[in-house]
Amino acid sequence: LALAGAASLTIVNRGAARGRELGTLLAGMESPPEVSVEELGAGFRVPAGADLVVNATSIGLYPDVESLVPLSLEDVAGRALVADVIPNPPETRFLAVAADLGCETIDGLEMLVEQGRIGFELWTGVEPDVEAMRDALRRAFGVR
């Protein structure tokens, strides 16, 4: 996100020390974003001005599919894009909550497909069949 030009980032990490490490790394960039670091805890509220919320934890990953990232999306309801890097299951509880609040969502399976597409094209110079990739992943994960 920083390389893509995000003006500011709020890093919410389960361990504040690791979040600060990432913040320090980002501060060393040529044009660093404004960075704040928070510790993830029950009821953490996503800042109202957030445009994008990304779960990059393993919370909700198969087989622990009932787990839910402990943060509140109420202040960004209906306006933020919410993404989850977890590919299995594609629709996590986190994304279901976001969708119920009117947020647009991107699931981790789709992110994995796009990462694979980019890597395949860079290595081979050939645009892959992303539908075939998506179908293969769905079969591998046992999802529709």
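## Val-85 and its contacts

Val-85 is in contact with Val-54, Asn-55, Ala-56, Thr-57, Gly-108 and Met-111, leaving aside its neighbours within four places in sequence. These contacts come from a predicted model.

Where does Val-85 sit? Val-85 is found in the loop between β6 and α2. Strand β6 covers residues 81-84. Helix α2 covers residues 93-100.

Phe-44 gives a sense of distance. Val-85 and Phe-44 are 41 residues apart in sequence. In space, their C-alpha atoms are 19 Å apart.

## A patch on the surface

Val-85 has a relative accessible area of 34%. Buried means under 20% and exposed means over 50%, so Val-85 counts as partly exposed.

Val-85 also belongs to a nonpolar patch on the surface. The other members are Leu-1, Leu-52 and Val-54. Together the patch residues have about 310 Å² of accessible area. Val-54 is also among the contacts of Val-85.

## The largest nonpolar core

The largest nonpolar core has 16 residues. Which of them touch the most other members? They are Val-46, Leu-71, Leu-73, Val-82 and Phe-94. Helix α2 gives this core its largest share, three residues.

Phe-94 has a long list of contacts, not counting residues up to four places away in sequence. Among them are Leu-71, Leu-73 and Val-82. Phe-94 also touches Val-53, Asn-55, Leu-68, Val-69, Ala-83 and Asp-84. Asn-55 appears in both contact lists: Phe-94 touches Asn-55, and so does Val-85.

Key. Residues are numbered from 1 along each chain as its sequence is written. This is a predicted model: local features need pLDDT of at least 70, side-chain atom pairs count only at pLDDT 80 or more; totals for chains, interfaces and linings use all residues. Side-chain values use heavy atoms; hydrogens and water are left out. A nonpolar core is a set of buried Ala, Val, Leu, Ile, Met, Phe, Trp, Tyr and Cys residues joined through side-chain atoms within 4.5 Å. Buried means under 20% relative accessible area, exposed over 50%, partly exposed in between (1.4 Å probe, protein chains only). Helices (H or I, at least four residues) and strands (E, at least two) are DSSP runs, numbered from the N terminus. Contact means heavy atoms within 4.5 Å. Patches are made of residues with over 30% relative accessible area and no salt bridge: like charges are joined within 9 Å, nonpolar side chains (Val, Leu, Ile, Met, Phe, Trp, Tyr) within 5 Å. Accessible areas come from the Shrake-Rupley method with a 1.4 Å probe; for residues, only the protein chains shown count as cover. A salt bridge is a side-chain nitrogen of Lys or Arg within 4 Å of a carboxyl oxygen of Asp or Glu.
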